Amino acid sequence: MNEQPVIVKNLVKKYGDYVAVNGISFEIKKGQVFSLLGPNGAGKTTTVEILEGLRKRDAGQVEVLGMDPEVSKEIYNKIGILPQDFTFVQNSTPKEAIEFYCKLFGRKLDPLELLKTVELEDRANVPFSKLSGGQKQKLGLALSLINDPEVLFLDEPTAGLDPKSRRNIWQIIENLKKEDRSILLTSHYLEEAELLADNVAIMNRGKIVDIGSPKELILRHRGKDLLYIKGGKFLGEALENLGIQFKNEDGYFILGLNDSKEAIEILKRIDEMGIPFDDFMIRRENLEDIFLKVTEE
Amino acid sequence: MKLKNIAAYFVLHAKAYIRTRSGVFFQILFPVILIIMFGFLFGSSSVTPQNLIIVNHDNGQFSTQFITALSETGTFKIKVENISNIRQFLDQNPNYMIMVIPSNFTANILNKSKVTIQVYSNSNPQVSSEYAGIINTVFQAYINSFNGKGLSSSLQVYDYSGVSSRTINYYIPGLIGFTIISSMFSMLYQVPNYRREKIFRQFKIAGLSKSEWIIGSSLFNLTFNLIADALIIIIAYILFGAVLYYNPLNVLMMLIIIVSGNLMFIALGALAGMVSDNEETVSIVGNLILFPMMFLSGVFFPLQFAPGYVKIISDFLPLTYFINALNYVLIYNNIEGSLYMIAILAVSSIALFALSSKLLKFES
């Protein structure tokens, strides 16, 4: 068993003069979900496609299950791939698609059983063109599992899906993780990475700008907790009189806090001054804030 | 190349394709509708007998036999006359054709020397070329009957009944060619579509090779084409009395021609699809290939009287060999004459298949 099924060292990919991937390195451990985050054009899909053997690299070293994906065709028997915006032969059904893959991979599986694992068994005989976006992604996920892969590459598996479909797919990924499969997940959704990933690499302009567990990244880059108070102009005047610095956004006065007790103190003083306010909340910076901070730097 | 992979793609594509009713219509029913249409327009009639004046300078026994054989086809109203100024006569009588038999006709047959006849016409080239084709077929068959048999068997009765004058016969190879061209179009659309939708990438991931995909597509189209072609022949035979050669050898040769032609046009479609990166260019590229072939390959218009340069161009078009080979096998019963065309078809189809397998890219 390979304890580090994916190893990437100093990977470089150029398109003409444009450097899409600029010397990135990371490793994925067995049974780990590793998420590549980054804005559009950061180099995530290029990186994933190099790992899948679908693109050639210009420099660096890549190993997937001990094989070089650029050279070894054998790799496709051991990895599962869900590409971005998965599509298939339009008039084929999920059942037929699974039967096709089973024949090519030489596997004997019950298509309905496999479709059950992605909650698609009731759409087994519906043409691909008539499936919803979420159902298409679920089929892609089912196809990526036919060869019982040790490593899965899921490129934006929930992009464009409604919240319910997204949560369905998250549940499936959670189940795959429990089966000790290693998963490389690219995503736009920080919430997705925060929920599913053991490790996250934030990419920007072809480089990894930070890497670590979601908690580590938050702790590393977190700023002050923020107190949001909703109120009118008297509240603004009162805060000025108290010498407290604030920002005004969407009807909320936003104040930086040194600790949680400070929030109670401020609210108490405003109340004592007889200034009315409608609502308040304390917000802690999440991975999305960290992501925006890191990629804007 | 794995047969199980080819079979897997065949099954997947066939099931998906059958759901597209318009696809099935164009692949099978459209050619059938065409043969019914041509049949009703031309099928119940024979070619109108053509006035043919034979200027016989030979007057030997073989020229007389040949004239009799030509007469037995029922295609010509024959008069044997001596005409001094052919050009002037045809200018005054455009509905006539003139065939000149040289004085050495019989002597050359006896000496096994080259025998030539001349045919003159001043009418519509499409019409006259059809008649000239019939004269040529009878003439070739007559001359061929001497080869290898010696003069001792020269008194045998020649059977020319197979050279039917029914017009519907001549549309059948063209319509079979039409079904084959439809296969090319399906590939022409499929290649850019599968590339854009990244379905090729799915095939690569699943382990289907490029050559397996092309062969699988070819087999799939071949199945549908054979159904369409069988329907064309059955309808032409039952409804319109088409006269074709159905001997086992002729059928076998016809199958070889269709299989080779099918693979060749599938490969050609795949190559053309590679240069069509969007739906707009697909129709332009398709028409660029289709129209020259339709008009210059003798699909519906005989090429015997076409200008020399057209014949040169048509010699480079694969469909020419496909149509001519079918004509030779199904209508003229000239298997030997069709062999070099079938060889060219087979070699071209293998070369185009190899080229398309090499150049096609499954990656985006």
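Me: How many helices and strands are there in chain A?
Reply: You're looking at a predicted model, where local features need pLDDT of at least 70 and side-chain atom pairs count only at pLDDT 80 or more, while totals for chains, interfaces and linings use all residues. Residues are numbered from 1 along each chain as its sequence is written, and chains are lettered from A and ligands numbered from 1 in the order in which they are written. Helices (H or I, at least four residues) and strands (E, at least two) are DSSP runs numbered from the N terminus. Counted that way, chain A has 10 helices and 13 strands.

Me: What percentage of the residues in chain A is buried?
Reply: A residue is buried if 20 or more other C-beta atoms, placed from the backbone, lie within 10 Å of its own, exposed if 12 or fewer, and partly exposed in between. Chain A has 297 residues, and its buried share is 41%.

Me: What distance separates the centres of domain 1 and domain 2 of chain A?
Reply: The domain bounds come from an automatic or database domain assignment. That assignment cuts chain A into domain 1 (6-220) and domain 2 (222-286). Taken over C-alpha atoms, their centres are separated by 43 Å.

Me: Which strands of the β11-β12-β10-β13 sheet of chain A stand at the edges?
Reply: Strands pair if DSSP finds at least two bridges between them. This open sheet of 4 strands is antiparallel, and 5 bridges join β10 (residues 225-230) of chain A to β13(A). Each edge strand has a single partner, so one side of it is left without a neighbour in the sheet; the two are β11 and β13 (279-283) of chain A.

Me: Which helix lies across β10, β12 and β13 of chain A?
Reply: Axes here are lines fitted to C-alpha atoms, for helices over the stretch in contact, and angles run from 0 to 180 degrees between N-to-C directions. The helix in question covers residues 260-272 and runs at about 135° to β12(A). That makes it α9 of chain A.

Me: Is A:Asp250 buried or exposed?
Reply: A:Asp250 sits in the loop between β11 (247-249) and β12 (252-257) of chain A. Its phi is positive, about 50°, although it is not a glycine. With 7 other C-beta atoms within 10 Å, A:Asp250 counts as exposed.

Me: And is A:Glu156 buried or exposed?
Reply: A:Glu156 also has a positive phi, near 50°. You'll find A:Glu156 in the loop between β6 (151-155) and α5 (163-178) of chain A. There are 22 other C-beta atoms within 10 Å, so A:Glu156 is buried.

Me: Which residue takes a positive phi in the hairpin of β8(A) and β9(A)?
Reply: β8 (residues 199-204) and β9 (residues 207-212) of chain A pair in the antiparallel sense over 5 bridges, and A:Val200 has A:Gly212 as its bridge partner. The hairpin has 2 residues between the strands, and the one with phi near 50° is A:Arg205.

Me: Which helix gives the largest share of the side of chain A that touches chain B?
Reply: Contact means that the C-beta atoms of two residues, placed from the backbone, lie within 7 Å. By that test, 16 residues of chain A are in contact with 18 residues of chain B. The largest share on the chain A side is 6 residues, from helix α2 (residues 94-105) of chain A.

Me: Which strands are at the edges of the β2-β1-β3-β4 sheet of chain B?
Reply: This open sheet of 4 strands has mixed pairing. Its strands twist by an average of 25° from one to the next, and helix α3 (residues 61-72) of chain B packs on the sheet, touching β1, β2 and β3 (96-101). Pairing on one side only, the edge strands are β2 (76-80) and β4 (118-121) of chain B.

Me: Which helix gives the largest share of the largest nonpolar core?
Reply: A nonpolar core is a set of buried Ala, Val, Leu, Ile, Met, Phe, Trp, Tyr and Cys residues joined through C-beta atoms within 7 Å. The largest one has 136 residues, and those touching the most other members include A:Leu184 and B:Ile172. The largest share, 13 residues, comes from helix α10 (residues 248-275) of chain B.
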